[in-house]
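Trainee: I should like to work through this structure step by step, with a reason for each answer.

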Amino acid sequence: MLHEILLALVGYTGDLIIDQREHSKSLGICLSPDAPISEQRSFKLASDISFIDPTERDLIEKLITLGFYYRELDRFATKSRNLSWIRSADVSPLDRASELSNPKAGKPSVYRKAIANGLVEILSVYRSAVLQIEQKLLSETMPILATVTQGLNKFFVILPPLYELILEIERDDIRGGQLLNLLHKRCHCGVPELQACIQRLLWHGHQVLYNQLSSWMVYGILQDQHGEFFIRRQEDRDMEYGSSISDTSDKLARLSTDDTSLTDWHLGFHIFLDMLPEYIHMRVAESILFAGKAIRVLRNPSPSIQFQDALYNQQTKKGSQKLHGSAGGVPFQKEPFLDVKMIGEELLPQSEADKIEIMLLDLKESSEFHKRSFECSVDSIRAIAASHLWQLVVVRADLNGHLKALKDYFLLAKGDFFQCFLEESRQLMRLPPRQSTAEADLMVPFQLAAIKTIGEEDKYFSRVSLQMPSFGITVKSSQRDLPKTKTFTDGSSETSLGGWDGIALEYSVDWPLQLFFTQEVLSKYRRIFQYLLRLKRTQMELEKSWASVMHQDHTDFAKHRNEQMNRSISQLRRQHFRPMWRVREHMAFLIRNLQFYIQVDVIESQWNVLQSHIQDSHDFTELVGFHQEYLSALISQSFLDIGSVSRILDSIMTLCLQFCWNIENQESSQNTSELERITEEFNKKSNSLYTILRSSRLAGSQRAPFLRRFLLRMNFNSFFEATARGVLNVVRPRPSLPVLNQP
């Protein structure tokens, strides 16, 4: 009887102690799987045993339930640790897709295997306790049931909760981060022995997590064959949520698909929230994602950087050369490229990788999970990765030079170039653009302006090219296929473009600057460029119209100065056109002040702020944030994000251009009604603009700190304030423009 009990305690039944579940199955009776746990404990004394007292029977049946729990836990551990479940790391995409499409299938799990290892440790302690009881009972004459009960009493608070745990794991197919989350919740209990056991299981689970973190944050490798890590590849999510392969291809086509590191950075990986344990904050998970992606970039540099380094070394040997001639690359094709591994070790020294590995090893060897220590280590690793990525992008790739180039060309800092371009293309822009040849037509004045104003020392101009998208239609970023080595700066929002207002710029960006200058960033530059170019064109037209008409007036005066009658006609014409010159001056005054405000108060001040941040920061993520703030400030302080203001400004610039074209044609037309309409409309729009800008919501806020200076320049003599009542439908009658009566 003693050995029957001892064998039952380690999961083996016989004639005296039977497995009621198996016995019922042999009789054709199936127990419900949803039965309470007390009914699922199927180890019972045989019913035909009559020599045991009822009290002893109850005590023995209570004891042998431990054997049932032991057997079920051992079965779970054996099943989870089955080596045949382990697959090779090279899982085919078809197998992975089938796993994701059928999540309830019996998939392998490295986390369950780790938990099973912890269960084996606990069960080995239990077996040792049973063996010790057997030795004690065989060596001494002691009460059997009392000795067994006393030796195994602590396991009554350990094995039943563990059995409930594995039932929940198998019933809900809990795996990966979900399993860690479940164990972390079960750790919070009031039984010290049970808490210690579950903490040990959690420790085993964290060993897998730390191994995955080490692979990801030290080597940039995602080691997750079974989809249990909270960092996942993008294609896994697309398969899981039913996204078509073509959709994914379209996303990747917008980037340089031949550059794996760039694709991985923007679209390669994401955080899978279902596998993110609740005790790991989202901010920490994002730091882990960033650190791994940064390590991938540093350890696997693009092949283009090899060419850049070879080019740099060649130029150092042969002296300075023109950047325009370096694109051919003929002298360098015969020289061997630098080894990718050597460049990777240079970008991320082995000492830094060892430092990251030591941090994770310290966490791994800790007996308990300390959230604060974990977060501090992750922040330190993220800082290391961000610092070396900063070194790559800012120092090695000359980020500041490219920022200066974008300021020169997209923010019109090279005013002489764009002044020359607009003058060369002025007659062309007077005509409607031809959809088939508009871009080619613009290239002639663009190249002429470059020859006149751009020096050979400007190595960035070769990256700038003119783009004329389809005009008169709504242009979306998804309507264009981007070239491999260039990022086209389409608008992030739909914009109705008409005529020459759709002129845009392209800027060719090499690796690794594509990590910084994303499509979204360049679209903001394009939006500002189109606005500034239109503003400069309006200012130039106002100046040219004045110069043209004054030249004609002086020519007429010189021609007829000796003829008394003709001289009086010339003076009468000048007097009659004087109201139009006053309107032109009002337009030029508004446009000049707006241009000065944007170029000086907004762009230059924000540029200085960005430069100070670049000097002080050595963190890539901080730098990205500062640059986003810089662009957002340019857009908000230029009022491009306020629909009412931007529409009024567009209308004012359109009215100014119409006024210039009409006034130059006035000599051949006696009809001034169109000029009167333009004048009246301009007065309304300008007064509305002043009224909106001087409102407390704008002038009194911090979104435009230099707006008050702009308003002061506009209203230095209180003219706008006095005439702003027109916005409130108090429009005073204005003198009409006289018609010139020619003899």
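The following exchange concerns a predicted model.

Trainee: How many helices and how many strands does the protein chain have, and what share of its residues is buried?

Mentor: The secondary structure of the protein chain consists of 31 helices and nine strands. A residue counts as buried when its relative accessible area is under 20%. Of the 743 residues in the protein chain, the share that is buried is 48%.

Trainee: What share of the contacts between residues at least 6 apart in sequence joins residues at least 24 apart?

Mentor: A contact here requires heavy atoms within 4.5 Å. Among the contacts in the protein chain that link residues at least 6 apart in sequence, the share joining residues at least 24 apart is 78%.

Trainee: Which helix gives the most residues to the largest nonpolar core?

Mentor: The largest nonpolar core has 192 residues, and those with the most contacts inside it include L152, F230 and Y525. The greatest contribution to this core, 15 residues, comes from helix α25 (residues 564-616).

Trainee: Which residues does Y525 touch, leaving aside those up to four places away in sequence?

Mentor: Y525 belongs to the residues with the most contacts inside the largest nonpolar core. With residues up to four places away in sequence not counted, Y525 touches L403, L406, F410, L411, H627, Y630 and L631.

Trainee: Is I381 buried or exposed?

Mentor: I381 is found in helix α19 (residues 371-396). Beyond four places in sequence, I381 touches M217, A291, I356, M359 and L360. The C-alpha atoms of I381 and K355 are 8.6 Å apart, with their positions 26 residues apart along the chain. Because the relative accessible area of I381 is 0%, this residue is classed as buried.

Trainee: How many disulfides does the structure hold, and why does C187 not bond to C189?

Mentor: A disulfide is a covalent bond between the sulfur atoms of two cysteines. The cut-off for such a pair is 2.5 Å, whereas the sulfur of C187 is 7.4 Å from that of C189, its closest cysteine sulfur, and therefore too far for a bond. C187 is buried at 6% relative accessibility, while C376 is partly exposed at 41%. The number of disulfides in the structure is zero.

Trainee: Which residues form a nonpolar patch on the surface with about 290 Å² of accessible area together?

Mentor: One member lies in helix α23 (residues 438-453), namely V444. V444 is partly exposed, because its relative accessible area is 48%. The nonpolar patch on the surface, with about 290 Å² of accessible area together, is formed by V444, L448 and I451.

Trainee: Where is the cis peptide bond that involves P512?

Mentor: Most peptide bonds are trans. P512 sits in the loop between β9 (504-508) and α24 (519-559). With omega at about 5°, the cis peptide bond joins W511 and P512.

Trainee: What is the phi of D173, and what is the phi of D398?

Mentor: Most residues other than glycine have a negative phi. D173 lies in the loop between α8 (159-172) and α9 (176-186) and is buried at 16% relative accessibility, whereas D398 lies in the loop between α19 and α20 (399-409) and is partly exposed at 27%. Both values are positive: phi is about 50° for D173 and near 60° for D398.

Notes. Residues are numbered from 1 along each chain as its sequence is written. This is a predicted model: local features need pLDDT of at least 70, side-chain atom pairs count only at pLDDT 80 or more; totals for chains, interfaces and linings use all residues. Side-chain values use heavy atoms; hydrogens and water are left out. Patches are made of residues with over 30% relative accessible area and no salt bridge: like charges are joined within 9 Å, nonpolar side chains (Val, Leu, Ile, Met, Phe, Trp, Tyr) within 5 Å. Accessible areas come from the Shrake-Rupley method with a 1.4 Å probe; for residues, only the protein chains shown count as cover. A salt bridge is a side-chain nitrogen of Lys or Arg within 4 Å of a carboxyl oxygen of Asp or Glu. Helices (H or I, at least four residues) and strands (E, at least two) are DSSP runs, numbered from the N terminus. Buried means under 20% relative accessible area, exposed over 50%, partly exposed in between (1.4 Å probe, protein chains only). A nonpolar core is a set of buried Ala, Val, Leu, Ile, Met, Phe, Trp, Tyr and Cys residues joined through side-chain atoms within 4.5 Å.
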